Structures are given as C-alpha cells and as structure tokens.
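Student: I would like to know where the labels come from. Can we take them one at a time and set each value against its rule?

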Amino acid sequence: MGSVTSPISDRRATVALFSRLRTAQGQADPFPLYAELRSRGDVSPAPWGGFLVTGFGACDQVLRSGTWLEPDTGWRERQGERTRWSAPSSREISRTLPALNPPEHTRVRRAAGTFDRGTIEQIGSRVSRVVDGLLDSLMDQLHTGEADFAALVSEELPIATIGDWLGLPSADWSRLRELTHDQVFTQELLPSASQLARSDVAMAELRAYFLDLVAERRTRLGDDPVSRWIRTWDELEPDQDRADEAVYFLALFVLLAALETTSTLLSTMALLLIEDPDRWSLLAEQPDLVPAFVEESLRYDPPTHVISRVAAQDCVLEGVEVRADEMVHLMVGAAHQDPARYRAPDRFDLSRGPGHLAFSGGIHYCLGAPLARLEAQTLLSRMITHLPRLTLVRRPSWAPRVAFRRLLNLDVALA
Ligand code: HEM
C-alpha cells in the first residue's frame, strides 16, 4: 500500500474535468463529470494536492470520525503566506464555528444553542406569512408574463427569515445578501485571485457591520438571539471585547450559512417540481409527501457539493494512504449518486428512506437544518395548494463554481 500516484495523463484528465466542472455549462449538469471522476476510484488524487472522495461510505466515515479535522487557523498558517489560505477572508472565516476543532468547537457550538421545536414553531408562522406574500408577488408578475422564481421567491425567503430572526433592519437585507454572494469564494474549491480579492472586500464590510450590530445591541439587550449570545458570552468570557468578537463570529456565520444554501435548495426543489408535471400532480394528490420531496431534493442535487477536511494524523482511507495535514475534498454531490449507496441514484425517487450528507454529518452537522427544512416544506406546501401549474420558460443557468451551487435564474410562466 502507498500514496496513490496517478499517471500524468490521469492528472491532466482531472485538471480538464475540473475546468469543465467550474463553468456555467459544467454546473448545468455536473453529474456526468462526477461519474467520470468516480471511475478513478472512491478516493483519487487531486491534481493540486490532497484527494477527491466520491464514495458515499468514505465521505460518511470522514465526517463522523475524529481522525479528520476542519482546516482551522493553525492548519491555514502552516500552508504558508503565499497561499489562498492566508487571504484575510480565509483567516476570518477560519475563526467561525465550522472551521473550529474540539475543544474550541464544542464550547462555541454549545454557546450557539439550537433551533428547538418552540423556536421553529415561532419562526414558522412568520415564514408562512412571508411565503404567502412572495407567492402573491410572483402571481402578480405571472399575470403580465414570465417571472424569475429564483429572484422573486428563493432569494427573498431566506433573508426575510434569518434577517428577522437576528433582528437586522430590512433596509440592510439586500446589501447583506450581495455581500454573502461575494464572500463565498473564499470557501470555494478553487477560487481565482480576483475572486479571493472580492471575498476580502466583502468580508471586511461584513466584519464592520456585525461588530457595529453587536455594540449597538449591547446598549439595548432584548430577547433576540444576538442579545442571548451576548449574555451567554459575558458569562464565558471575562474580556468584553473578546466576548463581542465571539458573538460577531456567530452572527456573521449564521447569516452566511443561511442564505445561499437555502436559496439554492428552494430553487432546485421548485425546478424539480415545475419541470415534471407528474411530480406536481403526485404532490398535489398526496401533500404528506412534501417532507420526502424536500429530502430527495437535498439528496438529488444538494446546495453544497464539496465539504473539506484534513487528516489529523497519517491514516488510510479506502486503501489510500493519506498523510497528516493532507486535505480530502468530500464530493458530496457525487457521493449522493453513488450506486453502492442508492439504487438507481439518477432517479428522483420519493420512496427512498432518509439519509444524505447535504447537511454534513458528525459534530459539524448543520445547525440550521430545521430552519432550512421549515422554509422548504412551507414553500412547497403553499406552491401545490395556492399556485396554478407553472411551466419553465427556459433552462436556468448556474453560477460557474464547484462547491456552492447557485441558480442564477428560474424563469417560469403560467402553464
Ligand atoms: C439547505 C440549506 C442548508 C444547507 C444545505 C446547509 C449545509 C451545511 C453544511 C454542509 C454544513 C457543514 C459544513 C462542514 O461540515 O464543514 C453546515 C454547517 C452549518 N450550518 Fe448549514 N446549511 C443550510 C442552512 C443553514 C441555515 C438556515 C443555518 C442557520 C440558521 C445554518 C447554519 C449552519 C451552522 C451554524 C453550521 C456550522 C455547524 C458546525 O460547524 O458545528 N445552515 N451547513
């Protein structure tokens, strides 16, 4: 056994494959490219170093095992000054919850709290009201011609939900959403220098915004989550500046985590519903299938296609030797098409049991999963009961990226 060395031709083929994957065309249908990648094995070398993991079992194992860590601040520093990991936006994101490792992660995650049933019920009535308003606006526009479901509904619901929950003024929402679209590149698989520069600028503005927010909230503590985090951190951290910074990182990451991912889920789900009239009929006849439809959308084409980890020590993954500090890219979008895990994986099938990696797994399992599910289920239920049948005007287009899927438009008309 030894590290996998791939012949130069394999490396070239993988480089070419990722060049295609990161274009708008590649994102319109990445699955044939994933199949090509899988043909090189469940774990194959990445041409830029580290490994690409396409097998569901191996991805699941990495997420749940303590042998694998997040690329935290220390890891990023070890990569050197002239790498993407030293960009200011990368350093900043490395201090947020999903980039921490135990014991720091355990402490910060506990302080973040959870979306318990009571909170979800409370947010639920607002989500229903917002969905009704957005679908009314969509219908108004559809009566005069076509409408972009992504812009009018999918982009609006997550910011209206999380913005209201965090108590952010609605006048700020559209700027915050723009900034999250720009900052995401620092979390992408292969960001270019200009994309990293955009992330750096966006991150600096987000930092200033949220530090101001925390300072302002301190002057009038209430019953909102930011006030609750301030109270919690005041007990954990005697230095007030450090307590405020901890609250800032939490509020920042909750906003970043809640927007694009949920918008992508809503658009993907709407596309799957609208493009196949049989699916719409089935759901209209059996609305109790709504939760299964949301889960299968998350399996079929998850919002996050890549999650990365680094090896805590030398180890062996599916027969491949990985050295300490080497990175593995869990190709979740590909793992969800693994025939060893799912029967006929390319079929959208509502009868599958639960189980996917769209919300990750192990200690970093998505904190906002109940909220994302609430938004998706509410929107889908309202669509099938309140909307007439819709039809696609043209195929949507996707942003040219790899890890974070994003539909740029979803143009629909009355059927
Ligand atoms: C469909 C929507 C969503 C998807 C697909 C998604 C996906 C993910 C994934 C894959 C991770 C783990 C990353 C890793 O393992 O390194 C994660 C973590 C996280 N998500 Fe989500 N997310 C969604 C919505 C949300 C929402 C609405 C919120 C907040 C309200 C949220 C808050 C978080 C937080 C705080 C973490 C970090 C957890 C930790 O590291 O302990 N997410 N999410």
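**Labels and their rules**

Student: Why is Asp-325 called partly exposed?
Tutor: The relative accessible area of Asp-325 is 27%. Buried means under 20%, exposed means over 50%, and partly exposed is in between (1.4 Å probe, protein chains only). The value falls in between, so the label fits. This is a predicted model, in which local features need pLDDT of at least 70, side-chain atom pairs count only at pLDDT 80 or more, and totals for chains, interfaces and linings use all residues. Residues are numbered from 1 along each chain as its sequence is written, and side-chain values use heavy atoms, with hydrogens and water left out.

Student: What makes the phi of Asp-325 worth a remark?
Tutor: Most residues other than glycine have a negative phi. Asp-325 is not a glycine, yet its phi is positive, about 80 degrees. Asp-325 is in the loop between β7 (320–322) and β8 (327–331); helices (H or I, at least four residues) and strands (E, at least two) are DSSP runs, numbered from the N terminus. Ala-344 also has a positive phi, near 40 degrees, and is partly exposed, with a relative accessible area of 31%.

Student: Which peptide bond is cis?
Tutor: The bond that joins Pro-102 and Pro-103, with omega about 5 degrees. Pro-103 is in the loop between α6 (88–93) and α7. Most peptide bonds are trans.

Student: How do you know that Cys-366 is a donor of the iron atom?
Tutor: The SG atom of Cys-366 is 2.3 Å from the iron atom of the ligand. Donors are N, O and S atoms within 2.8 Å of the metal (3.2 Å for Na, K and Ca), and water is not among the atoms, so sites may look incomplete. The distance passes, and Cys-366 is the only protein donor. It is in the loop between α17 (332–335) and α18 (369–386).

Student: What makes a residue part of the shell around the ligand?
Tutor: One of its heavy atoms must lie within 4 Å. There are 26 such residues, and His-105, Arg-109, Ser-360, His-364 and Cys-366 come nearest.

Student: How do you know that His-105 has a polar contact with the ligand?
Tutor: A polar contact is a pair of N or O atoms within 3.5 Å; within protein, one must be able to donate a hydrogen and the other to accept it, and residues adjacent in sequence count only if both atoms are side-chain atoms. A polar side-chain atom of His-105 lies 2.7 Å from a ligand oxygen, and Ser-360 has such a pair at 2.7 Å. For Glu-70 the value is 2.9 Å. The elements that give two or more residues to the shell are α7 (104–112), α14, β5 (306–311) and α18. The largest share, six residues, comes from α14.

Student: Why is α14 called largely enclosed?
Tutor: Of its 35 residues, 30 are buried, so the rest of the structure largely encloses α14.

Student: How do you know that the length of α14 fits a helix?
Tutor: The expected span is 1.5 Å times one less than the number of residues. For α14 (residues 240–274) that gives 51 Å, and the end C-alpha atoms are 51 Å apart, which agrees.

Student: What makes β9 and β10 a pair?
Tutor: Two strands pair if DSSP finds at least two bridges between them. Three bridges join β9 to β10 (residues 411–414), so the rule is met.
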